[in-house]
Amino acid sequence: MKNRNNIKLEAITPKTLIVGVDIAKETQWARFVDYRGIELGKALKFQNDKTGFETILASIETICKNKRLDDVIVGMEPTGHYWKPLANYLLMQEVKVVMVNPYHTKKAKELDDNSQTKSDKKDALTIAKLVRDGRYYEVYMPQDIFAELRVLSNARISLMKRHNALKNTITAVMDEYFPEMKLVFKNALNGKASMQILKTCPFPSLILELGVEGVLAEIKKAVKKTVGRKKAQQLVETAQNSIGVSYGTASSKLKLELMIEELELLTKQLEQVESKMELALAETGIGEIILGIPGIGVVTAASFLGEIGDPLRFDHPRQISKMAGYNLVEDSSGKSKSGTAISKRGRKNLRSILYRMAMTMVAVNKEMKELYLYLKTRETNPLKKKQALVVISEKIITVIYNLVKKQTEYKAELVLGECRKNQISNQAA
């Protein structure tokens, strides 16, 4: 960490112009300082459009010429998505762009004037001084196929959120009008027969109106194979004893039809996105290596690469772990010392993907399962379930990184080192 901070500080020389930009949807502010933090020129207010971008670039060039500066570093906060057009424009003009953590800006804004006052103009200067102090990180905007994977991954996450929310809403309606349906169909939103019932006769009064023969006829419209009369009879008998409400059934049925129609559309869209993710993963040239790891599928592999980009841009797998927010933190003072926990200062979606990977791994991957069980049952400092899964997640990062870097296939005997194998075998003995 100290070495990386020194590298950042060494990048700021007497010949460096530091620009702090406060990003907003329409109007943005820029402040210019030298390596000592002395402001150069006036604060610049510019629009978030091409004319505004040309204005800030012209100001940078003018100050560099007048002050005889050779290098430029532009710092900004990753505010929503509004920073991306300006960052992309500056990078295309070969201007170095770095990111400043918004949390740091919030904490540092009172250092100069000891005031809680907040303004875009003030924040731009705070950002510039944070960059001067080396408190920034390099911006990464994925290119080529990794950019496609990131967009596809984000699209899938958005679709999944809407898909799950819709399923919960449909379940809530059925719990109100026909809560006993789950006794007949364990997962009504997955089966063809149950979905047909939800579309045509989802409520007890409608089921009783059709009778056994009518319900059987509706099911046969969705399921080609022979459907037993027993299931239809069970549904009718369950409807007779239902405690569901009986008012507003007409409008609730319409509401249900619209939601199911939307659910089917979202399911189709998810299939399209996942199909594109599979094709994009193949184009990376490293998809087969990652998929060769037992427990990793196409969607999780593509989502993982969409979040981190090219794995080879990192010097060590620990950098990916920190990117996910898996670095450990503790709170200690004097004789008191807290336990350690992950910082969670990283990409939330990446942690979610790794957690799903870990859950699958401990079920189907022999080596990861052995490690997981050992971590939970060891005599010294046994871990809880989620803590052990975090360790497995970090192990997954290490395995993927090393396989991609060495361009080699997964070998089970090399996953666990000799020391860890001995620990596991001693525990078993």
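Is Tyr177 buried or exposed? Tyr177 has a relative accessibility of 5% and therefore counts as buried, the limit for that class being under 20%. The model discussed in this report is predicted, and the values below are computed from it.

## Aromatic contacts

Three aromatic pairs emerge from a search of the whole structure. One of them joins Tyr177 and Tyr247 in an edge-to-face arrangement, with 6.5 Å from centre to centre and 65° between the planes. This pair connects distant parts of the chain, as its members are 70 residues apart. Tyr177 belongs to helix 6 (residues 144-177), while Tyr247 is found in the loop between helix 10 (229-240) and helix 11 (249-283). In contrast to the buried Tyr177, Tyr247 counts as exposed because its relative accessibility is 53%, and the exposed class begins over 50%. Together with Phe203, Tyr177 and Tyr247 make up one aromatic cluster.

Two further rings have a basic residue over the face. Lys231 occupies such a position above Phe185, at 5.4 Å from the ring centre. Arg313 is placed over the face of Tyr140, at 3.4 Å from the ring centre.

## Packing of helices 9 and 10

Two packed helices are described by the angle between their axes and the distance between the axes. For helix 9 (residues 204-222) and helix 10, the axes come within 9 Å and cross at roughly 160°. Helix 9 is therefore roughly antiparallel to helix 10, since an angle over 145 degrees falls in that class. The crossing in which helix 9 passes helix 10 is left-handed. On the side of helix 9, the contact is made by Pro204, Ile207, Leu208, Gly211, Val212, Glu213, Val215 and Leu216. Helix 10 contributes Arg229, Ala232, Gln233, Leu235, Val236, Ala239 and Gln240.

## Two buried positions

Leu44 is located in strand 3 (residues 44-47). With a relative accessible area of 14%, Leu44 is buried. When neighbours within four places in sequence are left aside, the contacts of Leu44 are Gln28, Trp29, Ala30, Phe32, Thr55, Ile56 and Ser59. Ala128 is 84 residues from Leu44 along the chain, and the C-alpha atoms of the two are separated by 13 Å.

Ser321 is situated in helix 14 (residues 317-324). Its relative accessibility of 7% places Ser321 among buried residues. Not counting residues up to four places away in sequence, Ser321 touches Tyr326, Asn327, Glu394 and Ile397.

## Positive phi outside glycine

Glu94 and Asn381 are listed here with their backbone angle and accessibility.

| Residue | Phi | Relative accessibility |
|---|---|---|
| Glu94 | about 65° | 76% |
| Asn381 | about 50° | 51% |

Glu94 is not a glycine, yet its phi is positive. The residue lies in the loop between helix 3 (83-92) and strand 5 (96-99), and Glu94 counts as exposed. Asn381, likewise not a glycine, has a positive phi. Its location is the loop between helix 16 (366-377) and helix 17 (385-406). Asn381 counts as exposed because its relative accessibility of 51% is over 50%.

Conventions: Residues are numbered from 1 along each chain as its sequence is written. This is a predicted model: local features need pLDDT of at least 70, side-chain atom pairs count only at pLDDT 80 or more; totals for chains, interfaces and linings use all residues. Side-chain values use heavy atoms; hydrogens and water are left out. Rings of Phe, Tyr and Trp (its six-membered ring) pair if their centres lie within 6.5 Å; planes under 30 degrees apart count as stacked, over 60 as edge-to-face and the rest as tilted. Helices (H or I, at least four residues) and strands (E, at least two) are DSSP runs, numbered from the N terminus. Buried means under 20% relative accessible area, exposed over 50%, partly exposed in between (1.4 Å probe, protein chains only). A charge sits over a ring if NZ of Lys or CZ of Arg is within 6 Å of the ring centre and within 35 degrees of the ring normal. Contact means heavy atoms within 4.5 Å. Axes are lines fitted to C-alpha atoms, for helices over the stretch in contact, and angles run from 0 to 180 degrees between N-to-C directions. Angles under 35 degrees count as roughly parallel, over 145 as roughly antiparallel, 65 to 115 as roughly perpendicular and the rest as oblique. A crossing is left-handed if the near helix is turned anticlockwise from the far one by less than a right angle, and right-handed if clockwise.
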